[in-house]
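This report walks through one chain, from its overall make-up to its sheets, helices and core. Keep the structure in view while reading.

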Amino acid sequence: MKTISREQALQWIAQGESQKCEERMAEVNRRLHDLVLYVREHSPYFRDAYKDLGEAFILQDLPVTTKAGLLECYDHWVTDPKVTEESVRTYLSDLENVSENYLGRYTALSTSGTTGNPMPMVRDEYHNTIHGCLMEQRLLKGIEASLLSSKVASIIATDGFVSSYSSALRIKRRLGDRSDRFLILSVLTPTTEIVEKLNVFQPEMLTGYPSVLEVLAREKLAGRLSITPDVIASSAEKMTRDTYETLRNAFDCPILDNYCSTEGGEIAMSCSHGYLHLNEDWIILEPVDEEFRPVQLGEWSSGVLITDLTNFVQPIIRYHVGDCVRFSGQPCACGSNLPVLEISGRMGDMLSLNDTSVAFPVLYFMLSDVKNLSSWQIVQTGGNAITFRFIEKHGTSREPVGIAACEKLQQSLRSYGCGEVVVTISHEPFIKNPKGGKTPYVLNRSQ
Ligand SMILES: [Zn+2]
């Protein structure tokens with residue numbers, strides 16, 4: 001198993017930031033060759049996929065991989081034969097395991113499953129050390145040290161192996177008898193209750209999904225929330241410039257944002273000017289069109305190919321995900337020469353049901369345990385009315401899925417403080433985004 005010391009990782013990361021672009025790309029090329037050599041030797045899937053690859057290959061010679069394709073041959077994809085899809089799924093299904101490593105040496109977590117089929121991801125120590133240090137050195141920039149003595153409130157999904165929850169639990173465990181300085185609140189807690197608890201707790205650091213933080217920013221601007229955090233950190237969901245400005249306006253403190261994924265890890269991180277910089281020395285990100293062809297600088301992609309140069313156990317190499325990104329090609333005023341990128345498409349509008357704001361992650365986690373639900377779209381049509389469109393998992397019966405989802409929504413929205421909401425099922429196709437790009441999960445047509 002490939003390992004690295006924290007000191008070495010921190011040193012390389014510092015180097016990567018100060019390097020000229022050409023030097024950095026030469027380093028990336030070396031790392032890519034190391035990874036390819038390793039996976040050829042240890043992964044039956046890649047041995048076969050790369051069998052005709054010469055010594056002097058370039059990135060574009062490597063075939064694109066997809067979630068569906070890799071899931072089909074999971075046990076041949078990984079480089080450690082002890083890692084099997086069955087055993088990792090078993091490990092992930094028992095919440096008691098959240099504090100133990102998988103097979104005693106790996107962390108395991110699951111993709112959130114917005115595309116219907118959650119995929120278990122196993123990360124080795126090499127990945128965890130480098131990505132942890134990237135977070136520390138490039139995002140938190142010294143805040144991490146003081147974080148251990150500050151009061152942190154985290155509003156996140158508390159359903160097990162979502163990566164933010166497991167990292168929150170890890171920090172809480174590390175805090176030991178000072179764990180009362182870390183408040184974890186479920187994203188499904190009604191806003192009024194979150195506001196009350198935060199007013200009592202008075203966090204110095206606040207973390208959560210951007211759209212949920214935006215709801216809290218509005219509470220602050222309305223005078224109901226009275227906290228003054230020193231720093232705000234968001235993740236998982238894409239932060240729009242509007243949300244960033246609202247947060248800055250309400251809290252007047254640094255806003256840390258990162259673009260991460262379960263498969264790729266810490267892909268990009270925000271700087272002091274609020275722009276995302278790609279961790280180009282450890283992650284290769286290729287913006288592509290629908291046929292996986294590269295798009296021009298400055299143009300929006302319809303997807304990206306991710307290569308994580310640090311995961312040697314479950315290799316992510318030219319792995320396709322549907323994120324729409326755009327590289328500006330412009331230098332950033334913060335002085336970092338790591339490339340700046342933008343991500344398009346928040347997951348949709350904010351609902352306002354009986355005057356209670358409901359952000360996308362709240363709806364997402366309300367529906368996350370509905371059996372056989374593959375994808376969905378919610379359209380608000382009136383003050384207390386929504387229409388629910390959905391696709392059931394292949395080969396399952398449609399009607400019970402719709403009934404279960406409607407019941408779950410009505411009940412969860414009631415306990416979220418929205419009162420009685422009328423949910424109507426629609427069998428029409430999903431409404432597309434008029435501006436192109438990702439089909440939104442949530443549309444508010446009531447305003
Ligand atoms: Zn910058």
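Helices and strands here are DSSP runs, with at least four residues for a helix and at least two for a strand, numbered from the N terminus. On that basis the chain has 14 helices and 20 strands. The model is predicted. Of the 447 residues in the chain, 38% are buried. Contacts reach far along the sequence: among those between residues at least 6 apart, 65% join residues at least 24 apart.

## The nine-strand sheet

One open sheet has 9 strands, in the order S4-S3-S5-S6-S7-S8-S9-S14-S13. Its pairing is mixed. Strand S4 (182-186) and strand S13 (325-327) are the edges, and each pairs on one side only. Neighbouring strands are turned by 25 degrees against each other on average, direction ignored.

Strand S3 (residues 152-156) is mostly covered, with 5 of its 5 residues buried. How are its two faces lined? Val152, Ser154 and Ile156 lie on one side, Ala153 and Ile155 on the other, and all are buried. In general, side chains of a regular strand alternate between the two faces of the sheet.

S3 runs parallel to S4 and also parallel to S5. Valine 152 has a bridge partner in each of these strands: phenylalanine 182 in S4 and methionine 205 in S5. Further along, strand S5 (residues 205-208) runs parallel to strand S6 (residues 231-234). There, leucine 206 stands opposite isoleucine 232 in S6.

The parallel pairs described in this report, from both sheets, are set out below.

| Strand pair | Bridges | Direction |
|---|---|---|
| S3 and S4 | 5 bridges | parallel |
| S3 and S5 | 4 bridges | parallel |
| S5 and S6 | 4 bridges | parallel |
| S17 and S20 | 3 bridges | parallel |

Helix H7 (residues 125-140) lies across S7 and strand S8 (265-270). The helix runs at about 5 degrees to S8.

## Aspartate 257

Aspartate 257 sits in strand S7 (residues 255-261). Is this residue buried or exposed? Aspartate 257 counts as buried, because 24 C-beta neighbours lie inside 10 Å, and the cut-off for burial is 20 or more. Leaving aside neighbours within four places in sequence, aspartate 257 is in contact with Ser234, Met239, Ser270 and Leu276. Leucine 140 is 117 residues away from aspartate 257 in sequence, yet the C-alpha to C-alpha separation is 9.9 Å.

## A helix pair

Helix H11 (residues 210-221) and helix H12 (residues 241-251) cross at roughly 35 degrees. Their axes come within 9 Å. The crossing is left-handed. H11 contributes Pro210, Ser211, Leu213, Glu214, Ala217, Lys220 and Leu221 to the contact. H12 contributes Thr243, Thr246, Leu247, Ala250 and Phe251.

## The four-strand sheet

A further open sheet is formed by 4 strands in the order S19-S18-S17-S20, again with mixed pairing. Its edge strands are S19 (422-426) and S20 (442-444), each pairing on one side only. The twist averages 20 degrees from one strand to the next.

Strand S17 (residues 373-382) and S20 run parallel, joined by 3 bridges. In S20, asparagine 444 is the bridge partner of glutamine 380. Helix H14 (residues 398-418) lies across S17, strand S18 (385-392) and S19. H14 runs at about 140 degrees to S18.

## The core between the domains

The largest nonpolar core has 100 residues. Val122, Val212, Ile232, Val362 and Leu363 have the most contacts inside it. Helix H13 (residues 360-367) gives the largest share of this core, 7 residues. Where does the core lie relative to the domains? Domain 1 (1-346) and domain 2 (351-444) both give residues to this core, so it lies between them. In soluble globular proteins, nonpolar side chains tend to be buried together.

Valine 212 illustrates the packing. Not counting residues up to four places away in sequence, valine 212 touches Ile155, Val187, Ala359, Pro361 and Val362. Of these contacts, Ile155 is one of the buried residues of S3, and Val362 is listed among the core residues with the most contacts.

Methods. Residues numbered from 1 in each chain as written. Predicted model: local features only at pLDDT ≥ 70, side-chain atom pairs only at ≥ 80, totals over all residues. Buried ≥ 20, exposed ≤ 12 C-beta atoms within 10 Å, placed from the backbone. Contact = placed C-beta atoms within 7 Å. Pairing = 2+ DSSP bridges. Axes fitted to C-alpha atoms, helices over the stretch in contact; angles between N-to-C directions. Core = buried A, V, L, I, M, F, W, Y, C linked by C-beta atoms within 7 Å. Domains from an automatic or database assignment. Left-handed = near helix turned anticlockwise from the far one by under 90°.
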